[in-house]
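I opened this entry to keep track of what I looked up in the structure, one topic after another.

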Amino acid sequence: MSKRQQRRKALNQRFRRMFLVALLMGLAMGFVFGRCSAVNSKAPDAPIEPDQLTAVIPDVTLEPVETPLVEEPAEPEPVLLGSFRITAYCSCEKCCGEWAKNRPNGIVYGAAGVELKAGVSCASPLPLGTVVEVEGLGEYIVQDRPAQWVIDKYGENQIDIYFDNHEAASAFGLKQLNVYLKGEPEK
């Protein structure tokens with residue numbers, strides 16, 4: 001279950017609890033006001049008998065409702081983009097060439113202008129901000145671009161996954177895997 005689905009589930013459960021509390025509070029307030037109305041509708045000098053009070057209390061047991069109160073929008077099905085060449089890179093000079101120089105405070109920014117993060121960021125000719133799922137590896141966001149010579153040599157169907165260090169990127173190697181479109185970039 002993705003983090004997004006977990007957040008939706010938690011919010012839905014919180015909403016259900018809040019709704020149940022509000023419903024119970026409404027019933028309690030209705031009971032109190034109903035009782036006050038029943039008492040005030042009697043003549044002021046008429047005594048209230050004990051069985052008159054118990055007649056006002058309903059004999060109802062409330063159970064929590066398990067059906068969703070708000071329909072969650074269905075997450076779109078992933079669309080197969082095809083078989084992609086999957087490689088890895090880091091911020092070193094071997095991987096990034098001239099772009100490895102003059103990094104502000106050592107922070108690595110991608111072509112999208114956001115800080116690259118291992119396990120999240122990737123480089124691809126796909127539109128920046130596109131969310132893809134790489135078969136067996138997980139979801140990544142296109143936040144960087146590969147070099148033009150790499151696109152010219154290997155074509156458009158490629159993804160370069162960002163790693164924090166060169167050893168991990170080298171150990172990843174080269175893979176040929178299916179890639180699925182999970183989300184389009186926000187417009």
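I began with Cys-95, which sits in helix H3, residues 93-96; helices here are DSSP runs of H or I with at least four residues, strands are runs of E with at least two, and both are numbered from the N terminus. The model is a predicted one, in which local features need pLDDT of at least 70 and side-chain atom pairs count only at pLDDT 80 or more, while totals for chains, interfaces and linings use all residues. Residues are numbered from 1 along each chain as its sequence is written, and side-chain values use heavy atoms, with hydrogens and water left out.

Is Cys-95 buried or exposed? I found Cys-95 partly exposed, at a relative accessible area of 30%, where buried means under 20%, exposed means over 50% and partly exposed lies in between (1.4 Å probe, protein chains only). Not counting residues up to four places away in sequence, Cys-95 touches Tyr-89, Cys-90 and His-166, a contact being heavy atoms within 4.5 Å. I also noted that the C-alpha atoms of Cys-95 and Ala-169 are separated by 9.1 Å, although these residues are 74 apart along the chain.

**Aromatic pairs**

Tyr-89 led me to the rings, and a search of the whole structure gave two aromatic pairs. Rings of Phe, Tyr and Trp (its six-membered ring) pair if their centres lie within 6.5 Å, and planes under 30 degrees apart count as stacked, over 60 as edge-to-face and the rest as tilted. Tyr-89 and Tyr-162 make an edge-to-face pair, with 5.5 Å centre to centre and 70° between the planes. Tyr-89 belongs to strand S1 and Tyr-162 to strand S5, so this pair ties together parts that are 73 residues apart in sequence. Tyr-89 is buried at a relative accessible area of 5%, and Tyr-162 counts as buried at 4%. Phe-163 and Phe-172 form a tilted pair, with 5.7 Å centre to centre and 50° between the planes; Phe-172 is buried, its relative accessible area being 12%.

**Nonpolar cores**

Which residues touch the most other members of the largest nonpolar core? Of its 15 residues, these are Ile-86, Val-134, Ile-159 and Val-179; such a core is a set of buried Ala, Val, Leu, Ile, Met, Phe, Trp, Tyr and Cys residues joined through side-chain atoms within 4.5 Å. At least two residues of this core come from each of strand S1 (79-89), strand S3 (131-134), strand S4 (138-144), strand S5 (158-162), helix H5 (166-172) and strand S6 (175-183). S1 gives the most to this core, namely three residues. Leaving aside neighbours within four places in sequence, I listed Ile-86, Tyr-140, Ile-159, Leu-177, Asn-178 and Val-179 as the contacts of Val-134. Apart from the core of Val-134 lies another, of six residues, including Tyr-89, Cys-96, Ala-123 and Tyr-162.

**Salt bridges**

I then turned to the charged side chains, where the count comes to two salt bridges, each being a side-chain nitrogen of Lys or Arg within 4 Å of a carboxyl oxygen of Asp or Glu. Glu-133 and Lys-182 meet in one of them, at 3.6 Å, N to O. Glu-133 lies in strand S3 and Lys-182 in strand S6, so the pair ties together parts that are 49 residues apart in sequence. Lys-182 and Glu-139 meet in a salt bridge at 3.4 Å, N to O. Glu-139 lies in strand S4 and Lys-182 in strand S6, so this pair ties together parts that are 43 residues apart in sequence. Through shared partners, the salt bridges join Glu-133, Glu-139 and Lys-182 into one network. How do the relative accessible areas read here: Glu-133 is partly exposed at 27%, Lys-182 is partly exposed at 22%, and Glu-139 counts as partly exposed at 39%.

**The whole protein**

Last, I took stock of the protein, whose secondary structure comes to five helices and six strands. From the N terminus on, the elements run α-α-β-α-β-β-β-α-β-α-β. Buried residues make up 22% of the 187 residues. Of the contacts with a separation of 6 or more, 67% are between residues 24 or more positions apart.
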